[in-house]
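This report concerns the fold, the packing and the internal space of one protein chain. The sequence and the model are shown first.

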Amino acid sequence: MEEISQIVFTRQAMLSAWLKQEGITQASIAQALEISEQSVSRWIRAQSLSSWRHSQLVSFGIPVNLLPPVVDKAPGPKRTNFPVQRGELQA
């Protein structure tokens, strides 16, 4: 019996195929949004996007189902918990 291989397309692959079908390049997105091509490339490969970037790409015409999910992270530096040394007060 012949084994039929199953092809699984990732979101990134489907997005790349859609962009190619529509004749949209990463360069054209970058130019329209006044950002670098590298930024566009990172967004296409990303696991998530901020709601602001997500809405920019949707307004450019990219289907929502091809974009990474929205995850808004709190702005500012990351908090790190340093171990308290003997004699220091704990807040």
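The text below treats the overall fold, the nonpolar core and its cavity, and selected residues of one helix.

**Basis and confidence**

The model is predicted, so local features need a pLDDT of at least 70 and side-chain atom pairs count only at pLDDT 80 or more, while totals for chains, interfaces and linings use all residues. Residues are numbered from 1 along each chain as its sequence is written, and side-chain values use heavy atoms, with hydrogens and water left out. The pLDDT is the predictor's confidence in each residue, from 0 to 100. The chain averages a pLDDT of 83, and 77% of the residues score at least 70. Among the elements, helix H1 (residues 11-22) has the highest mean pLDDT, 93, and helix H3 (residues 37-45) the lowest, 89.

**Overall fold**

Helices (H or I, at least four residues) and strands (E, at least two) are DSSP runs, numbered from the N terminus. The chain has four helices and zero strands, in the pattern α-α-α-α along the sequence. A residue is buried under 20% relative accessible area, exposed over 50% and partly exposed in between (1.4 Å probe, protein chains only). Of the 91 residues in the chain, 24% are buried. A contact means heavy atoms within 4.5 Å. Of the contacts in the chain with a separation of 6 or more, 42% join residues 24 or more positions apart.

**Core and cavity**

A nonpolar core is a set of buried Ala, Val, Leu, Ile, Met, Phe, Trp, Tyr and Cys residues joined through side-chain atoms within 4.5 Å. The largest such core has 15 residues, of which Leu-15, Trp-18, Leu-19, Ile-29, Leu-57 and Ile-62 touch the most other members. Helices H1, H2 and H3 each supply at least two residues of this core. Ile-29 touches Leu-19, Ile-24, Val-40, Leu-57, Phe-60 and Ile-62, not counting residues up to four places away in sequence. In H3 the buried residues are Ser-39, Val-40, Ser-41, Trp-43 and Ile-44, and these pack against H1, helix H2 (26-33) and H4.

A cavity is a set of points on a 1 Å grid over the protein atoms alone where a 1.4 Å probe fits but cannot get out, and its lining residues have an atom within 4 Å of a point. Grid points are joined across faces, edges and corners, and a volume is the space filled by probe spheres set on the points. There is one cavity of 30 Å³ or more, and the largest cavity holds about 40 Å³ of space. Its lining consists of Leu-15, Ile-29, Val-40, Trp-43, Ile-44, Leu-57, Ile-62, Leu-67 and Pro-68. The largest share of this lining, three residues, comes from H3.

**Residues of helix H4**

His-54 is located in helix H4 (residues 51-59); Ser-51 and Gln-56 also lie in H4. The contacts in the table leave out residues up to four places away in sequence.

| Residue | Relative accessible area | Contacts |
|---|---|---|
| Ser-51 | 34% (partly exposed) | Val-70, Asp-72 |
| His-54 | 10% (buried) | Leu-49, Val-64, Leu-67, Pro-68, Val-70 |
| Gln-56 | 15% (buried) | Leu-33, Trp-43 |

Ser-51 and Pro-69 are 18 residues apart in sequence, with a C-alpha to C-alpha distance of 8.8 Å.

Notes. 1 Å grid on protein atoms, 1.4 Å probe; cavity = no way out; pocket = protein on both sides within 12 Å on 5 of 7 lines; lining within 4 Å.
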